[in-house]
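Me: I've got a model open and I'd like a close look at one part of it. Could you take me through that spot and then show me how the rest hangs together?

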There are 2 protein chains.
Amino acid sequence: MSNLARFLRTGAIATLLVALPLVAAAQDPLPSWNDTAPKKAIIAFVARVTKPGTPDFVPVPQRIATFDNDGTLWAEKPTYVQLEFAIDRVKLAAAAHPEWRNQEPFASLIDGNIERAAEGGEEALTQVLAVTHAGMSTESFERIAREWIRTKRDARFKRPYITLVYQPMLELLNYLRANGFKTFIVSAGGVEFMRAYAEEAYGIPPEQVIGSSGRLKYQMRGDVPELLKLPAIDQVNDKDGKVVSIQKFIGRRPIAAFGNSDGDIQMLQWTTAGKGPRFALLVHHTDEAREWAYDKDSRVGMLSKGLDMAAESHWTVVSMKDDWNAIFPK
Amino acid sequence: MSNLARFLRTGAIATLLVALPLVAAAQDPLPSWNDTAPKKAIIAFVARVTKPGTPDFVPVPQRIATFDNDGTLWAEKPTYVQLEFAIDRVKLAAAAHPEWRNQEPFASLIDGNIERAAEGGEEALTQVLAVTHAGMSTESFERIAREWIRTKRDARFKRPYITLVYQPMLELLNYLRANGFKTFIVSAGGVEFMRAYAEEAYGIPPEQVIGSSGRLKYQMRGDVPELLKLPAIDQVNDKDGKVVSIQKFIGRRPIAAFGNSDGDIQMLQWTTAGKGPRFALLVHHTDEAREWAYDKDSRVGMLSKGLDMAAESHWTVVSMKDDWNAIFPK
């Protein structure tokens, strides 16, 4: 058997997976992006770093791209999806806890009053995490979260949350990967929650999802080992914490970073401060009709300083209304 | 241009990188392994999980393999390489610190008396880490560690440390990767130290290196952002900590795990407790002539309970003397 024949037998599936996006990319890799400045900037950047023999060429292992999740890859309004999940879990558990009717933050959450529940601060958050995100094995939690996110529909768009992802960003993820990039999520969201759907929704495997996390305990249940989720916060992955996590988990500075809020600006700053070609992009929520419109005054996903820094530092800003011709997958 | 022609142009290099190890594997993927039980067990396991259409087939994204580093991928005697590095750094800094002559643990380290320096326990370790692994940016540390490990020679074999890796394990890493496995280091060693050479020595990129770590601080030096290494321990990656880190960093249970000491047994236990085919291997240091011989009574790399568990659980045990026909690369 010739080497080529052997390769075709053994590597055929992997080859097709690699080759097909490249073929598609030769047509239009970003069909849901209008032919405006952000699309042109993305394509110019990718062309620049992937051309061998030029000074700006970046070897494949260094093509690291990091993405915020909430508001960058999927919707975060009226509030974070993970908070909706926690409220659902509290309501489900409430039947066995009649005392919660008179006990904060549970009483407010059951009433759907997030603002009032949030008045309890970090202690309230820890109480909610304890009953919704802890006291079970990592594998049990993953099953619960995956089932919920595939079936639960959001109130406005009546779509299962797993389909509330941005079609243009899915195309961007595929386009970058087809050009040798490794795509990571670096989010303030809970890591176990995001991992429950990131591979299905974005094609991002669990080892490329970085988020906030709770403490874990390795223990035996009978003679079966398990990892128990403890009701204690291990790491909060926001602002400076995103840069620290990039070093801790990836160990290499990204060459491209994508976000949508002031929680992402350190990540974009760190990325663009590296040598050689760099790319930074902020998604600006400007489309009240098709999604939501918010920036400076929003509690969730506030974007204020980031817009100033984008102007000063020549980061790319996407106006969802003007630059995207589709928001969600069909 | 046909799709095939386009693929051959765009994907040619990646294709060759994937295909060549497969071609080599058709000959003998593990030439430095004798034709004894461990080699047969490895090859049988890989054949079993990679055959499509069989009940034991494991999809590529789930082919996660984790490796301890010291004593599993490279030598750890007479003491950990990273400790030799720290001693070298202390000696270098000692010129500017005459007071260290009368100050522990520095006085003992300068004398080369590790045992006495270790009497200071965790406080002594933190003091040593503070002057050898902190107070500089992550990028400065990486440069220092990389230069040292490429040039510093070990006392017995007179080889640069970066060549003190085990040839049979390099072949094993390549063999697994050629069969779709993603290879990770999960070690008690310092993560920044290992990342400084893991890609060059093992072909393992920084994002697949998990280890003990110190705290980091994101800060501006003038208008340039940097990550400062702080003199405080963030995470100790040993025993139970290895399993916790596997979940935290990889988020998926390995199907194969490789170690050499009692610090690795929880990782092997967690790996083999998963459903479907699993593989666990311990390297037993039995070759005084070509490397070192130690197990139950060794301070560094103690292997005692692990040998009992291997017998009970049918883990594979490699006797370096009997199962490997080469130790270091030529």
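Is Lys158(A) buried or exposed? Start there, please, and then work outwards.

Reply: Happy to, with one caveat up front: this is a predicted model, so everything below is computed from predicted coordinates.

Lys158(A) is exposed, with a relative accessible area of 55%; the cut-off for that label is over 50%. Lys158(A) sits in the loop between helix 7 (138–151) and helix 8 (167–178) of chain A. What makes Lys158(A) worth a look is its backbone: phi is positive, about 55 degrees, although the residue is not a glycine.

His314(A) offers a second case. Its phi is near 60 degrees, again a positive value in a residue other than glycine. His314(A) is found in the loop between helix 12 (305–313) and strand 8 (316–319) of chain A. With a relative accessible area of 70%, His314(A) counts as exposed.

While we're on loop backbones, chain A has cis peptide bonds to check too. One runs from Lys77(A) to Pro78(A), with omega near 0 degrees, and Pro78(A) lies in the loop between strand 1 (64–67) and helix 3 of chain A. Another joins Glu104(A) and Pro105(A), where omega is about 5 degrees. Pro105(A) is placed in the loop between helix 3 and helix 4 (106–110) of chain A.

Helix 3 of chain A covers residues 81–94 and includes Ala93(A). Ala93(A) has 23% relative accessibility, so it counts as partly exposed. If you want a distance to check, Ala93(A) and Met220(A) are 127 residues apart in sequence and 26 Å apart in space, C-alpha to C-alpha.

Now zoom out to the whole of chain A. Its secondary structure comes to 13 helices and 8 strands. The C-alpha trace spans about 70 × 55 × 35 Å along its principal axes. A compact globule with 330 residues would have a radius of gyration near 20 Å, and chain A agrees with that at 21 Å. Of those 330 residues in chain A, 53% are buried. As for contacts in chain A between residues at least 6 apart in sequence, 65% of them join residues at least 24 apart.

For a piece of packing in chain A, try helix 10 (residues 240–250) and helix 11 (residues 265–272). Their axes are 6 Å apart and meet at an angle of about 50 degrees, which means helix 10 of chain A is oblique to helix 11 of chain A. The crossing is right-handed. Helix 10 of chain A brings Asp240(A), Lys242(A), Val243(A) and Ile246(A) to the contact, while helix 11 of chain A brings Gln266(A), Met267(A) and Trp270(A). By class, that contact has 4 nonpolar, 1 polar and 2 charged residues.

Over in chain B, residues 240–250 form helix 11, and 10 of its 11 residues are buried, so this helix is largely enclosed by the rest of the structure. Among the buried residues of helix 11 of chain B are Lys242(B), Gln247(B), Lys248(B) and Phe249(B). Just after helix 11 of chain B comes Gly251(B), with a positive phi of about 75 degrees.

Chain B also has a helix to follow through two contacts: helix 8 (residues 138–151). Helix 8 of chain B packs with helix 10 (residues 191–202) of chain B at about 55 degrees, with axes 8 Å apart. That angle makes helix 8 of chain B oblique to helix 10 of chain B. The crossing of these two is right-handed. Residues making the contact include Phe141(B), Ala145(B), Arg146(B) and Trp148(B) from helix 8 of chain B, and Glu192(B), Phe193(B) and Tyr197(B) from helix 10 of chain B. The class split for this contact is 7 nonpolar, 1 polar and 6 charged residues.

The other partner is helix 4 (residues 81–94) of chain B, which packs with helix 8 of chain B at about 110 degrees, with axes 11 Å apart. Helix 4 of chain B is therefore roughly perpendicular to helix 8 of chain B. Here Val81(B), Glu84(B), Phe85(B), Asp88(B) and Arg89(B) of helix 4 of chain B meet Phe141(B), Ile144(B), Ala145(B) and Trp148(B) of helix 8 of chain B. In that contact the residues divide into 6 nonpolar, no polar and 3 charged. Look at Phe141(B), Ala145(B) and Trp148(B): they take part in the contact with helix 10 of chain B and in the contact with helix 4 of chain B. One bit of geometry to keep in mind: an α-helix has 3.6 residues a turn, so residues three or four places apart point the same way.

Terms used:
Residues numbered from 1 in each chain as written. Chains lettered and ligands numbered in written order. Predicted model: local features only at pLDDT ≥ 70, side-chain atom pairs only at ≥ 80, totals over all residues. Heavy atoms only, no water. Axes fitted to C-alpha atoms, helices over the stretch in contact; angles between N-to-C directions. Helix = DSSP H or I, 4+ residues; strand = E, 2+ residues; numbered from the N terminus. Parallel < 35°, antiparallel > 145°, perpendicular 65-115°, else oblique. Left-handed = near helix turned anticlockwise from the far one by under 90°. Contact = heavy atoms within 4.5 Å. Nonpolar A, V, L, I, M, F, W, Y, C, P; charged D, E, K, R; others polar. Buried < 20%, exposed > 50% of the residue type's maximum accessible area, 1.4 Å probe, protein only. Rg over C-alpha atoms; globule rule 2.2 N^0.38 Å.
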